[in-house]
Amino acid sequence: MGIQVQSLSKRYGRTWAVRDLSFEVQPGRVTGFLGPNGAGKSTTMRSIVGLDRPTTGAALIDGAPYARLRAPLREVGTLLDARAAHRSRRAVDHLRTVAATHGFPAKRVDEVIGLTGLESAARVKAGKFSLGMGQRLGIAVALLGDPHTLILDEPVNGLDPEGVTWIRGLLSALAAEGRTVFLSSHLLSELALVVDHVVVIGRGRLIADAPLMTLTSDAGRTLEEAYIALTRDAVEYRAGDADGARS
Amino acid sequence: MSAAATGAATSTATGASSVSVARVVRAEWTKFRTLPSNLITVAITFVTIVGLAGVLLAASDDGGTALAPVDLLAGVSWAQFLPAVLGIVAICSEWAAGTSRVTFLAVPTRWPVLAGKVAVVGVVTFVAGAAAAAGALAMGAAAGVDVGADPALAIRLVSGTGLYLGTIAVFALGVGAIVRNLVGSILTAVGFLWIAPFAAVMIPVPEVHELAGYLPTSAGALLLTPDNPAVELTPWGGYAVLLAWAAAALAGALLTLRVRDV
(Lines give C-alpha, C1' and ligand atoms only; values in the text may rest on other atoms or scores of the structure.)
Protein backbone atom coordinates (compact mmCIF):
# COMPACT_ATOMS: atom_id res chain seq x y z
CA MET A 1 0.00 0.00 0.00
CA GLY A 2 1.02 3.60 -0.32
CA ILE A 3 3.27 4.68 -3.17
CA GLN A 4 5.97 2.36 -4.47
CA VAL A 5 8.66 3.70 -6.77
CA GLN A 6 10.52 0.77 -8.29
CA SER A 7 13.85 1.23 -10.08
CA LEU A 8 12.43 4.30 -11.78
CA SER A 9 14.56 5.89 -14.50
CA LYS A 10 13.58 8.74 -16.78
CA ARG A 11 15.69 10.17 -19.56
CA TYR A 12 14.96 13.39 -21.47
CA GLY A 13 17.08 13.31 -24.61
CA ARG A 14 20.56 12.56 -23.31
CA THR A 15 19.97 13.63 -19.72
CA TRP A 16 18.91 11.20 -17.03
CA ALA A 17 16.52 13.16 -14.81
CA VAL A 18 15.97 10.17 -12.55
CA ARG A 19 18.23 7.13 -12.35
CA ASP A 20 17.26 3.80 -10.81
CA LEU A 21 15.23 5.36 -8.01
CA SER A 22 13.41 3.15 -5.51
CA PHE A 23 11.52 4.08 -2.36
CA GLU A 24 8.17 3.62 -0.69
CA VAL A 25 5.78 6.15 0.76
CA GLN A 26 3.73 4.66 3.60
CA PRO A 27 0.13 5.54 4.37
CA GLY A 28 -0.77 7.10 7.70
CA ARG A 29 2.07 9.60 7.80
CA VAL A 30 3.32 12.68 5.99
CA THR A 31 6.38 12.06 3.85
CA GLY A 32 8.52 14.96 2.71
CA PHE A 33 10.32 14.78 -0.64
CA LEU A 34 13.49 16.86 -0.72
CA GLY A 35 16.30 17.57 -3.11
CA PRO A 36 18.15 20.44 -4.79
CA ASN A 37 16.75 22.09 -7.91
CA GLY A 38 17.08 19.69 -10.83
CA ALA A 39 17.31 16.65 -8.54
CA GLY A 40 14.37 14.99 -10.28
CA LYS A 41 11.60 15.57 -7.72
CA SER A 42 9.04 16.84 -10.22
CA THR A 43 9.98 14.15 -12.74
CA THR A 44 9.46 11.50 -10.06
CA MET A 45 6.08 12.93 -9.11
CA ARG A 46 5.02 13.26 -12.76
CA SER A 47 6.04 9.64 -13.36
CA ILE A 48 4.07 8.40 -10.35
CA VAL A 49 0.87 9.96 -11.72
CA GLY A 50 1.40 8.90 -15.34
CA LEU A 51 2.11 12.28 -16.93
CA ASP A 52 5.65 11.13 -17.77
CA ARG A 53 6.25 7.60 -18.99
CA PRO A 54 9.25 6.13 -17.16
CA THR A 55 12.12 5.11 -19.44
CA THR A 56 12.51 2.02 -17.24
CA GLY A 57 11.05 0.96 -13.94
CA ALA A 58 7.61 1.71 -12.57
CA ALA A 59 5.57 3.46 -9.93
CA LEU A 60 2.54 1.96 -8.20
CA ILE A 61 -0.14 3.54 -6.07
CA ASP A 62 -1.83 1.12 -3.67
CA GLY A 63 -0.52 -1.63 -5.94
CA ALA A 64 -1.62 -0.32 -9.36
CA PRO A 65 -0.07 1.97 -11.95
CA TYR A 66 -1.87 5.34 -12.05
CA ALA A 67 -2.98 4.92 -15.66
CA ARG A 68 -4.91 1.76 -14.69
CA LEU A 69 -7.07 3.52 -12.11
CA ARG A 70 -10.71 3.65 -13.18
CA ALA A 71 -11.43 6.67 -11.00
CA PRO A 72 -7.98 8.21 -10.52
CA LEU A 73 -9.19 11.31 -8.68
CA ARG A 74 -10.90 9.16 -6.05
CA GLU A 75 -7.61 7.39 -5.39
CA VAL A 76 -5.04 10.14 -5.79
CA GLY A 77 -5.21 13.92 -5.40
CA THR A 78 -2.36 15.70 -7.14
CA LEU A 79 -1.09 19.27 -7.09
CA LEU A 80 1.83 19.87 -9.45
CA ASP A 81 1.53 23.52 -10.39
CA ALA A 82 -0.18 26.50 -8.81
CA ARG A 83 -0.92 27.91 -12.28
CA ALA A 84 -3.03 25.07 -13.61
CA ALA A 85 -6.30 26.80 -14.50
CA HIS A 86 -7.09 28.67 -17.73
CA ARG A 87 -6.72 32.42 -17.14
CA SER A 88 -10.08 33.20 -18.73
CA ARG A 89 -12.04 30.54 -16.86
CA ARG A 90 -13.70 31.13 -13.49
CA ALA A 91 -12.36 29.04 -10.61
CA VAL A 92 -15.72 27.32 -10.08
CA ASP A 93 -15.86 26.39 -13.77
CA HIS A 94 -12.33 24.98 -13.59
CA LEU A 95 -13.46 22.72 -10.73
CA ARG A 96 -16.62 21.77 -12.62
CA THR A 97 -14.64 20.64 -15.69
CA VAL A 98 -12.56 18.36 -13.47
CA ALA A 99 -15.56 17.10 -11.47
CA ALA A 100 -17.44 16.30 -14.70
CA THR A 101 -14.84 13.72 -15.80
CA HIS A 102 -15.75 11.54 -12.79
CA GLY A 103 -19.38 12.57 -12.46
CA PHE A 104 -18.83 14.14 -9.02
CA PRO A 105 -21.96 16.00 -7.90
CA ALA A 106 -22.10 19.81 -7.93
CA LYS A 107 -22.29 19.68 -4.16
CA ARG A 108 -18.77 18.31 -4.00
CA VAL A 109 -17.44 21.31 -5.97
CA ASP A 110 -19.06 23.62 -3.40
CA GLU A 111 -17.56 21.56 -0.57
CA VAL A 112 -13.97 21.87 -1.77
CA ILE A 113 -14.48 25.58 -2.45
CA GLY A 114 -15.55 25.96 1.17
CA LEU A 115 -12.80 23.73 2.43
CA THR A 116 -10.06 25.77 0.72
CA GLY A 117 -11.57 29.13 1.62
CA LEU A 118 -12.27 30.14 -1.99
CA GLU A 119 -15.94 31.13 -1.53
CA SER A 120 -15.38 34.79 -2.37
CA ALA A 121 -13.09 33.98 -5.33
CA ALA A 122 -15.04 31.12 -6.89
CA ARG A 123 -16.58 33.34 -9.58
CA VAL A 124 -13.37 35.21 -10.34
CA LYS A 125 -11.36 34.30 -13.44
CA ALA A 126 -8.26 32.29 -12.55
CA GLY A 127 -6.03 34.79 -14.36
CA LYS A 128 -6.74 37.30 -11.61
CA PHE A 129 -5.63 34.90 -8.87
CA SER A 130 -2.55 35.48 -6.73
CA LEU A 131 -0.07 32.63 -6.40
CA GLY A 132 -1.55 31.71 -3.03
CA MET A 133 -5.10 31.60 -4.39
CA GLY A 134 -3.87 29.50 -7.29
CA GLN A 135 -2.43 27.06 -4.72
CA ARG A 136 -5.76 26.92 -2.91
CA LEU A 137 -7.53 26.19 -6.20
CA GLY A 138 -4.98 23.47 -6.98
CA ILE A 139 -5.53 21.94 -3.53
CA ALA A 140 -9.29 22.12 -4.10
CA VAL A 141 -8.81 20.10 -7.31
CA ALA A 142 -6.63 17.59 -5.44
CA LEU A 143 -9.30 17.11 -2.74
CA LEU A 144 -12.26 16.80 -5.17
CA GLY A 145 -12.32 13.02 -5.16
CA ASP A 146 -11.72 12.65 -1.40
CA PRO A 147 -8.61 10.63 -2.33
CA HIS A 148 -6.66 8.16 -0.22
CA THR A 149 -3.33 9.44 -1.54
CA LEU A 150 -2.14 13.04 -1.90
CA ILE A 151 0.85 14.06 -4.01
CA LEU A 152 1.68 17.74 -3.66
CA ASP A 153 4.56 19.57 -5.34
CA GLU A 154 5.47 22.70 -3.35
CA PRO A 155 1.96 23.23 -1.93
CA VAL A 156 3.10 25.91 0.53
CA ASN A 157 4.55 28.27 -2.11
CA GLY A 158 2.80 31.61 -2.12
CA LEU A 159 0.43 30.81 0.75
CA ASP A 160 0.01 33.50 3.41
CA PRO A 161 0.79 32.64 7.05
CA GLU A 162 -2.83 31.74 7.70
CA GLY A 163 -2.77 29.47 4.65
CA VAL A 164 0.48 27.82 5.76
CA THR A 165 -1.00 27.01 9.15
CA TRP A 166 -4.17 25.74 7.50
CA ILE A 167 -2.38 23.37 5.11
CA ARG A 168 -0.14 22.09 7.88
CA GLY A 169 -3.24 21.13 9.87
CA LEU A 170 -4.91 19.65 6.79
CA LEU A 171 -1.95 17.43 5.90
CA SER A 172 -1.58 16.15 9.47
CA ALA A 173 -5.30 15.41 9.66
CA LEU A 174 -5.22 13.55 6.33
CA ALA A 175 -2.31 11.40 7.47
CA ALA A 176 -4.00 10.77 10.82
CA GLU A 177 -6.99 9.38 8.88
CA GLY A 178 -4.67 6.78 7.40
CA ARG A 179 -4.09 8.47 4.05
CA THR A 180 -0.80 8.64 2.17
CA VAL A 181 0.58 12.19 2.02
CA PHE A 182 3.65 12.88 -0.13
CA LEU A 183 4.85 16.44 -0.58
CA SER A 184 7.89 18.25 -1.84
CA SER A 185 9.10 21.56 -0.50
CA HIS A 186 12.18 23.70 -0.23
CA LEU A 187 10.88 25.35 2.93
CA LEU A 188 12.65 23.00 5.32
CA SER A 189 11.84 24.60 8.65
CA GLU A 190 8.19 24.62 7.60
CA LEU A 191 8.41 21.04 6.39
CA ALA A 192 10.03 19.89 9.66
CA LEU A 193 6.83 20.88 11.47
CA VAL A 194 4.62 18.53 9.46
CA VAL A 195 6.56 15.56 8.06
CA ASP A 196 7.10 12.24 9.82
CA HIS A 197 9.39 10.77 7.22
CA VAL A 198 11.82 12.19 4.65
CA VAL A 199 12.97 11.02 1.23
CA VAL A 200 15.95 12.95 -0.15
CA ILE A 201 17.17 12.67 -3.74
CA GLY A 202 19.99 14.34 -5.64
CA ARG A 203 20.92 14.13 -9.31
CA GLY A 204 18.10 11.66 -9.81
CA ARG A 205 19.34 9.17 -7.22
CA LEU A 206 18.22 8.32 -3.70
CA ILE A 207 20.28 9.97 -0.95
CA ALA A 208 18.21 9.27 2.15
CA ASP A 209 14.96 7.57 3.10
CA ALA A 210 14.53 7.87 6.86
CA PRO A 211 12.24 9.01 9.67
CA LEU A 212 12.56 12.72 10.43
CA MET A 213 13.76 11.92 13.95
CA THR A 214 16.66 9.81 12.71
CA LEU A 215 17.90 12.66 10.53
CA THR A 216 17.41 15.47 13.01
CA SER A 217 17.04 15.14 16.79
CA ASP A 218 18.84 11.80 16.99
CA ALA A 219 21.77 13.37 15.17
CA GLY A 220 21.47 16.62 17.09
CA ARG A 221 20.79 18.87 14.11
CA THR A 222 17.95 20.64 12.34
CA LEU A 223 16.39 19.32 9.14
CA GLU A 224 18.11 22.15 7.30
CA GLU A 225 21.54 21.15 8.59
CA ALA A 226 20.85 17.51 7.84
CA TYR A 227 19.70 18.35 4.32
CA ILE A 228 22.72 20.53 3.53
CA ALA A 229 25.05 17.78 4.73
CA LEU A 230 23.25 15.08 2.76
CA THR A 231 23.04 16.97 -0.52
CA ARG A 232 26.48 18.57 -0.40
CA ASP A 233 27.70 16.51 -3.34
CA ALA A 234 24.46 16.60 -5.29
CA VAL A 235 23.80 20.32 -5.64
CA GLU A 236 23.89 21.41 -9.26
CA TYR A 237 23.34 25.12 -8.85
CA ARG A 238 24.93 26.96 -5.94
CA ALA A 239 25.35 30.70 -5.48
CA GLY A 240 28.98 31.81 -5.67
CA ASP A 241 30.13 28.53 -7.14
CA ALA A 242 32.11 29.93 -10.04
CA ASP A 243 33.04 26.78 -11.88
CA GLY A 244 29.45 25.69 -12.07
CA ALA A 245 27.92 22.55 -10.88
CA ARG A 246 28.98 19.40 -12.55
CA SER A 247 32.45 18.14 -11.90
CA MET B 1 -12.35 5.82 7.52
CA SER B 2 -13.57 9.24 8.53
CA ALA B 3 -13.51 11.79 5.76
CA ALA B 4 -13.56 14.81 8.03
CA ALA B 5 -10.36 16.42 6.78
CA THR B 6 -11.41 16.61 3.14
CA GLY B 7 -14.89 17.83 3.97
CA ALA B 8 -16.59 14.92 2.26
CA ALA B 9 -19.72 15.08 4.37
CA THR B 10 -21.02 11.73 3.22
CA SER B 11 -19.46 8.78 1.52
CA THR B 12 -21.74 9.49 -1.45
CA ALA B 13 -20.02 12.83 -2.06
CA THR B 14 -17.81 11.13 -4.59
CA GLY B 15 -19.59 7.77 -4.34
CA ALA B 16 -19.80 5.50 -7.34
CA SER B 17 -18.10 7.95 -9.67
CA SER B 18 -15.59 6.81 -12.23
CA VAL B 19 -14.33 8.07 -15.56
CA SER B 20 -16.37 7.30 -18.67
CA VAL B 21 -16.17 8.61 -22.22
CA ALA B 22 -19.61 10.23 -21.86
CA ARG B 23 -18.43 12.07 -18.73
CA VAL B 24 -15.26 13.24 -20.45
CA VAL B 25 -17.39 14.57 -23.34
CA ARG B 26 -19.40 16.50 -20.77
CA ALA B 27 -16.26 17.83 -19.14
CA GLU B 28 -15.01 19.00 -22.54
CA TRP B 29 -18.35 20.68 -23.22
CA THR B 30 -18.04 22.49 -19.88
CA LYS B 31 -14.54 23.60 -20.85
CA PHE B 32 -15.74 24.83 -24.23
CA ARG B 33 -18.71 26.85 -23.05
CA THR B 34 -16.91 28.41 -20.07
CA LEU B 35 -14.37 30.20 -22.29
CA PRO B 36 -15.99 33.33 -23.73
CA SER B 37 -13.59 33.40 -26.70
CA ASN B 38 -15.01 30.11 -28.03
CA LEU B 39 -18.56 31.45 -28.08
CA ILE B 40 -17.40 34.64 -29.81
CA THR B 41 -15.56 32.64 -32.48
CA VAL B 42 -18.69 30.55 -33.19
CA ALA B 43 -20.79 33.72 -33.42
CA ILE B 44 -18.35 35.36 -35.85
CA THR B 45 -18.38 32.22 -38.03
CA PHE B 46 -22.16 32.41 -38.25
CA VAL B 47 -22.25 36.16 -38.86
CA THR B 48 -19.56 36.00 -41.57
CA ILE B 49 -21.49 33.47 -43.64
CA VAL B 50 -24.94 35.03 -43.22
CA GLY B 51 -23.56 38.57 -43.45
CA LEU B 52 -21.74 37.99 -46.73
CA ALA B 53 -24.88 36.49 -48.23
CA GLY B 54 -26.72 39.64 -47.15
CA VAL B 55 -24.06 41.87 -48.70
CA LEU B 56 -24.21 39.96 -52.00
CA LEU B 57 -28.00 40.19 -52.08
CA ALA B 58 -27.96 43.90 -51.29
CA ALA B 59 -25.27 44.59 -53.88
CA SER B 60 -26.97 42.84 -56.79
CA ASP B 61 -29.07 45.22 -58.94
CA ASP B 62 -31.96 42.86 -59.53
CA GLY B 63 -32.42 42.03 -55.84
CA GLY B 64 -30.68 38.69 -56.15
CA THR B 65 -32.66 36.81 -58.76
CA ALA B 66 -29.49 36.42 -60.86
CA LEU B 67 -27.66 34.73 -57.98
CA ALA B 68 -27.48 30.96 -57.70
CA PRO B 69 -27.91 29.28 -54.28
CA VAL B 70 -24.23 28.31 -54.34
CA ASP B 71 -23.23 31.98 -54.60
CA LEU B 72 -24.91 32.68 -51.27
CA LEU B 73 -22.29 30.57 -49.49
CA ALA B 74 -19.33 32.70 -50.60
CA GLY B 75 -18.75 33.49 -46.92
CA VAL B 76 -17.79 29.89 -46.13
CA SER B 77 -14.36 30.27 -47.69
CA TRP B 78 -13.81 33.37 -45.55
CA ALA B 79 -15.22 31.87 -42.36
CA GLN B 80 -13.47 28.50 -42.60
CA PHE B 81 -10.40 29.79 -40.78
CA LEU B 82 -12.43 30.22 -37.58
CA PRO B 83 -13.52 26.59 -37.02
CA ALA B 84 -9.90 25.59 -37.64
CA VAL B 85 -8.81 27.98 -34.90
CA LEU B 86 -11.50 26.59 -32.58
CA GLY B 87 -10.16 23.08 -33.09
CA ILE B 88 -6.56 24.11 -32.52
CA VAL B 89 -7.32 26.22 -29.45
CA ALA B 90 -9.37 23.39 -27.92
CA ILE B 91 -6.26 21.23 -27.65
CA CYS B 92 -3.31 23.65 -27.66
CA SER B 93 -4.75 25.81 -24.88
CA GLU B 94 -4.33 22.80 -22.59
CA TRP B 95 -0.58 23.25 -22.84
CA ALA B 96 -0.54 27.03 -23.27
CA ALA B 97 -2.71 27.56 -20.18
CA GLY B 98 -1.15 24.80 -18.10
CA THR B 99 -4.38 22.81 -17.75
CA SER B 100 -2.97 19.76 -19.54
CA ARG B 101 -1.71 18.24 -16.30
CA VAL B 102 -5.06 18.57 -14.54
CA THR B 103 -6.85 17.22 -17.62
CA PHE B 104 -4.69 14.11 -18.01
CA LEU B 105 -4.51 13.46 -14.26
CA ALA B 106 -8.28 13.06 -14.37
CA VAL B 107 -8.18 10.96 -17.57
CA PRO B 108 -4.86 9.09 -17.59
CA THR B 109 -5.91 6.88 -20.52
CA ARG B 110 -5.73 10.17 -22.50
CA TRP B 111 -7.64 9.16 -25.66
CA PRO B 112 -11.09 10.00 -24.23
CA VAL B 113 -9.94 13.62 -23.92
CA LEU B 114 -9.30 13.73 -27.67
CA ALA B 115 -12.62 12.01 -28.34
CA GLY B 116 -14.41 14.53 -26.13
CA LYS B 117 -12.83 17.48 -27.89
CA VAL B 118 -13.63 16.03 -31.33
CA ALA B 119 -17.25 15.52 -30.29
CA VAL B 120 -17.68 19.02 -28.86
CA VAL B 121 -15.78 20.98 -31.52
CA GLY B 122 -17.19 18.85 -34.35
CA VAL B 123 -20.81 19.16 -33.28
CA VAL B 124 -20.61 22.88 -32.43
CA THR B 125 -19.00 23.83 -35.75
CA PHE B 126 -21.36 21.53 -37.67
CA VAL B 127 -24.40 23.19 -36.11
CA ALA B 128 -23.00 26.70 -36.58
CA GLY B 129 -22.15 26.00 -40.24
CA ALA B 130 -25.46 24.35 -41.10
CA ALA B 131 -27.44 27.06 -39.31
CA ALA B 132 -25.50 29.80 -41.10
CA ALA B 133 -26.00 28.14 -44.50
CA ALA B 134 -29.72 27.71 -43.79
CA GLY B 135 -29.88 31.37 -42.83
CA ALA B 136 -28.04 32.47 -45.96
CA LEU B 137 -30.30 30.39 -48.25
CA ALA B 138 -33.46 31.57 -46.43
CA MET B 139 -32.41 35.17 -46.92
CA GLY B 140 -31.75 34.43 -50.57
CA ALA B 141 -35.13 32.74 -51.03
CA ALA B 142 -36.86 35.72 -49.47
CA ALA B 143 -35.01 38.01 -51.89
CA GLY B 144 -35.99 35.98 -54.94
CA VAL B 145 -33.13 33.51 -55.41
CA ASP B 146 -34.61 30.25 -56.72
CA VAL B 147 -33.44 28.06 -53.83
CA GLY B 148 -36.34 25.62 -54.24
CA ALA B 149 -35.51 24.76 -57.87
CA ASP B 150 -33.17 21.99 -56.73
CA PRO B 151 -34.20 20.88 -53.22
CA ALA B 152 -31.54 18.15 -53.14
CA LEU B 153 -28.84 20.75 -53.79
CA ALA B 154 -30.24 23.04 -51.09
CA ILE B 155 -30.15 20.23 -48.55
CA ARG B 156 -26.60 19.33 -49.58
CA LEU B 157 -25.50 22.97 -49.24
CA VAL B 158 -26.92 23.27 -45.73
CA SER B 159 -25.65 19.93 -44.39
CA GLY B 160 -22.48 20.26 -46.47
CA THR B 161 -21.52 23.61 -44.92
CA GLY B 162 -21.87 22.04 -41.48
CA LEU B 163 -19.92 18.93 -42.46
CA TYR B 164 -17.22 20.90 -44.29
CA LEU B 165 -16.56 23.32 -41.41
CA GLY B 166 -16.93 20.60 -38.77
CA THR B 167 -14.45 18.33 -40.52
CA ILE B 168 -11.94 21.15 -41.03
CA ALA B 169 -12.20 21.92 -37.31
CA VAL B 170 -11.53 18.25 -36.46
CA PHE B 171 -8.59 18.11 -38.91
CA ALA B 172 -7.11 21.21 -37.25
CA LEU B 173 -7.72 19.70 -33.82
CA GLY B 174 -5.71 16.67 -34.86
CA VAL B 175 -2.89 18.87 -36.16
CA GLY B 176 -2.95 20.79 -32.86
CA ALA B 177 -2.66 17.58 -30.84
CA ILE B 178 0.38 16.55 -32.87
CA VAL B 179 2.15 19.93 -32.89
CA ARG B 180 0.93 21.12 -29.41
CA ASN B 181 2.38 24.62 -29.79
CA LEU B 182 -0.43 27.08 -30.59
CA VAL B 183 1.38 29.20 -33.18
CA GLY B 184 3.08 26.19 -34.75
CA SER B 185 -0.27 24.43 -35.05
CA ILE B 186 -1.97 27.40 -36.67
CA LEU B 187 0.88 27.79 -39.17
CA THR B 188 0.78 24.05 -39.98
CA ALA B 189 -3.00 24.10 -40.46
CA VAL B 190 -2.84 27.26 -42.57
CA GLY B 191 -0.17 25.56 -44.68
CA PHE B 192 -2.31 22.51 -45.36
CA LEU B 193 -5.66 24.27 -45.70
CA TRP B 194 -4.83 27.49 -47.54
CA ILE B 195 -1.24 27.90 -48.66
CA ALA B 196 -0.79 24.46 -50.25
CA PRO B 197 -3.72 24.86 -52.71
CA PHE B 198 -2.38 28.26 -53.84
CA ALA B 199 1.22 27.10 -54.00
CA ALA B 200 0.26 24.08 -56.09
CA VAL B 201 -1.27 26.34 -58.74
CA MET B 202 2.07 28.14 -59.09
CA ILE B 203 3.92 24.95 -59.99
CA PRO B 204 3.64 24.40 -63.75
CA VAL B 205 3.40 20.61 -63.61
CA PRO B 206 0.03 19.03 -64.54
CA GLU B 207 0.46 16.16 -62.07
CA VAL B 208 0.87 18.65 -59.24
CA HIS B 209 -2.34 20.41 -60.22
CA GLU B 210 -4.15 17.10 -60.27
CA LEU B 211 -2.86 16.10 -56.84
CA ALA B 212 -3.70 19.54 -55.47
CA GLY B 213 -7.34 18.66 -56.02
CA TYR B 214 -6.94 16.13 -53.22
CA LEU B 215 -5.81 18.70 -50.65
CA PRO B 216 -8.27 18.98 -47.73
CA THR B 217 -9.96 22.27 -48.59
CA SER B 218 -9.84 21.81 -52.38
CA ALA B 219 -11.53 18.41 -52.17
CA GLY B 220 -13.92 19.25 -49.33
CA ALA B 221 -15.18 22.45 -50.93
CA LEU B 222 -16.64 20.38 -53.79
CA LEU B 223 -19.48 19.60 -51.39
CA LEU B 224 -20.54 23.25 -51.70
CA THR B 225 -20.58 23.36 -55.51
CA PRO B 226 -22.94 21.84 -58.11
CA ASP B 227 -21.88 18.47 -59.47
CA ASN B 228 -19.27 19.15 -62.16
CA PRO B 229 -18.45 16.26 -64.55
CA ALA B 230 -15.18 18.00 -65.52
CA VAL B 231 -13.85 17.42 -62.00
CA GLU B 232 -12.70 13.92 -61.20
CA LEU B 233 -14.22 13.91 -57.71
CA THR B 234 -17.96 14.07 -57.04
CA PRO B 235 -19.10 16.45 -54.28
CA TRP B 236 -19.41 13.60 -51.76
CA GLY B 237 -16.23 12.01 -53.08
CA GLY B 238 -14.47 15.29 -52.37
CA TYR B 239 -15.88 15.32 -48.87
CA ALA B 240 -14.66 11.73 -48.34
CA VAL B 241 -11.14 12.95 -49.19
CA LEU B 242 -11.42 15.72 -46.57
CA LEU B 243 -12.72 13.15 -44.09
CA ALA B 244 -9.69 10.96 -44.80
CA TRP B 245 -7.38 13.90 -44.03
CA ALA B 246 -9.18 14.44 -40.72
CA ALA B 247 -8.95 10.73 -39.89
CA ALA B 248 -5.21 10.74 -40.65
CA ALA B 249 -4.68 13.79 -38.43
CA LEU B 250 -6.62 12.11 -35.59
CA ALA B 251 -4.61 8.92 -35.95
CA GLY B 252 -1.42 10.96 -35.60
CA ALA B 253 -2.96 12.78 -32.64
CA LEU B 254 -3.81 9.52 -30.84
CA LEU B 255 -0.31 8.20 -31.37
CA THR B 256 1.24 11.45 -30.13
CA LEU B 257 -0.94 11.48 -27.01
CA ARG B 258 -0.02 7.90 -26.31
CA VAL B 259 3.75 8.11 -26.64
CA ARG B 260 4.59 11.67 -25.62
CA ASP B 261 4.79 12.88 -22.02
CA VAL B 262 2.11 15.39 -21.05
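Biologist: Why is Glu162(A) called exposed?

Modeller: In this predicted model, Glu162(A) has a relative accessible area of 52%, and because the label requires a value over 50%, Glu162(A) qualifies as exposed.

Biologist: What makes the pair of Glu162(A) and Arg136(A) a salt bridge?

Modeller: The side chains of Glu162(A) and Arg136(A) meet with an N to O distance of 3.0 Å, and since the rule asks for a side-chain nitrogen of Lys or Arg within 4 Å of a carboxyl oxygen of Asp or Glu, the pair satisfies it. The two residues belong to distant parts of the chain, with Glu162(A) in helix H6 (residues 161-176) and Arg136(A) in helix H5 (residues 131-143) of chain A, 26 residues apart. Arg136(A), unlike its exposed partner Glu162(A), has a relative accessible area of 12% and is therefore buried, the limit for that word being under 20%.

Biologist: How do you know that Arg179(A) and Asp146(A) are linked in a salt bridge?

Modeller: Their side chains come to 2.9 Å, N to O, which is within the 4 Å of the rule. Arg179(A) lies in the loop between H6 and strand E7 (180-184) of chain A, whereas Asp146(A) lies in the loop between H5 and E6, and 33 residues separate the pair. Arg179(A) counts as buried at 1% relative accessibility, and Asp146(A), at 18%, counts as buried too, because the cut-off is under 20%.

Biologist: Why is the pair of Glu28(B) and Lys117(B) said to tie together parts of chain B?

Modeller: The closest N and O atoms of Glu28(B) and Lys117(B) are 2.8 Å apart, and the two form a salt bridge. Glu28(B) sits in helix H1 and Lys117(B) in helix H6 (residues 111-143) of chain B, so the bridge joins parts that are 89 residues apart in sequence. Both residues are buried, and they belong to a network of salt bridges that also includes Lys31(B) and Glu94(B). Over all chains, the rule gives a count of 15 salt bridges.

Biologist: How many salt bridges does the rule find across the interface of chain B and chain A?

Modeller: The rule finds two, and one of the salt bridges in the model is the pair of Lys10(A) and Asp261(B), whose side chains meet at 2.7 Å, N to O. Helix H1 (21-33), helix H5 (100-106) and helix H11 (235-259) of chain B each supply at least two residues of the side of chain B that touches chain A. The residues of that side divide into 22 nonpolar, 15 polar and seven charged.

Biologist: What share of the area buried between chain B and chain A is on carbon and sulfur atoms?

Modeller: The two chains bury about 3800 Å² between them, and 58% of this is on carbon and sulfur atoms. The contact takes 44 residues from chain B and 51 residues from chain A, and the interface also holds 14 residue pairs in polar contact, both residues being at pLDDT 80 or more.

Biologist: Why is Asp52(A) called buried?

Modeller: Asp52(A) has a relative accessible area of 2%, and the word applies under 20%, so Asp52(A) is buried. The residue is placed in the loop between H1 and strand E4 (56-61) of chain A. Its side chain makes a polar contact of 2.3 Å with the side chain of Tyr12(A) and another polar contact, of 2.8 Å, with the side chain of Arg46(A); the limit for such a pair is 3.5 Å. Beyond its neighbours within four places in sequence, Asp52(A) is in contact with residues of chain A, including Lys10(A), and with Asp261(B) and Val262(B).

Biologist: What makes Thr44(A) a buried residue?

Modeller: Its relative accessible area is 0%, which falls under the 20% limit. Thr44(A) is found in helix H1 (residues 41-48) of chain A, and its side chain reaches the backbone oxygen of Gly40(A) at 2.7 Å. Leaving aside neighbours within four places in sequence, the contacts of Thr44(A) include Leu8(A), Phe23(A), Phe33(A) and Ile201(A).

Biologist: How do you know that strand E5 of chain A is paired with strand E6?

Modeller: Four bridges join E5(A) to E6(A) (residues 149-153), the two strands running parallel, and because at least two bridges are needed for a pair, the requirement is met. Leu79(A), for example, has Leu152(A) as its bridge partner in E6(A). Side chains alternate between the two faces of the sheet in a regular strand. In E5(A) (residues 76-79), Val76(A) and Thr78(A) point one way while Gly77(A) and Leu79(A) point the other way, and all are buried.

Conventions
Residues numbered from 1 in each chain as written. Chains lettered and ligands numbered in written order. Predicted model: local features only at pLDDT ≥ 70, side-chain atom pairs only at ≥ 80, totals over all residues. Heavy atoms only, no water. Contact = heavy atoms within 4.5 Å. Buried area = accessible area lost by both parts, 1.4 Å probe. Polar contact = N/O pair within 3.5 Å; in protein donor to acceptor, adjacent residues only side chain to side chain. Nonpolar A, V, L, I, M, F, W, Y, C, P; charged D, E, K, R; others polar. Buried < 20%, exposed > 50% of the residue type's maximum accessible area, 1.4 Å probe, protein only.
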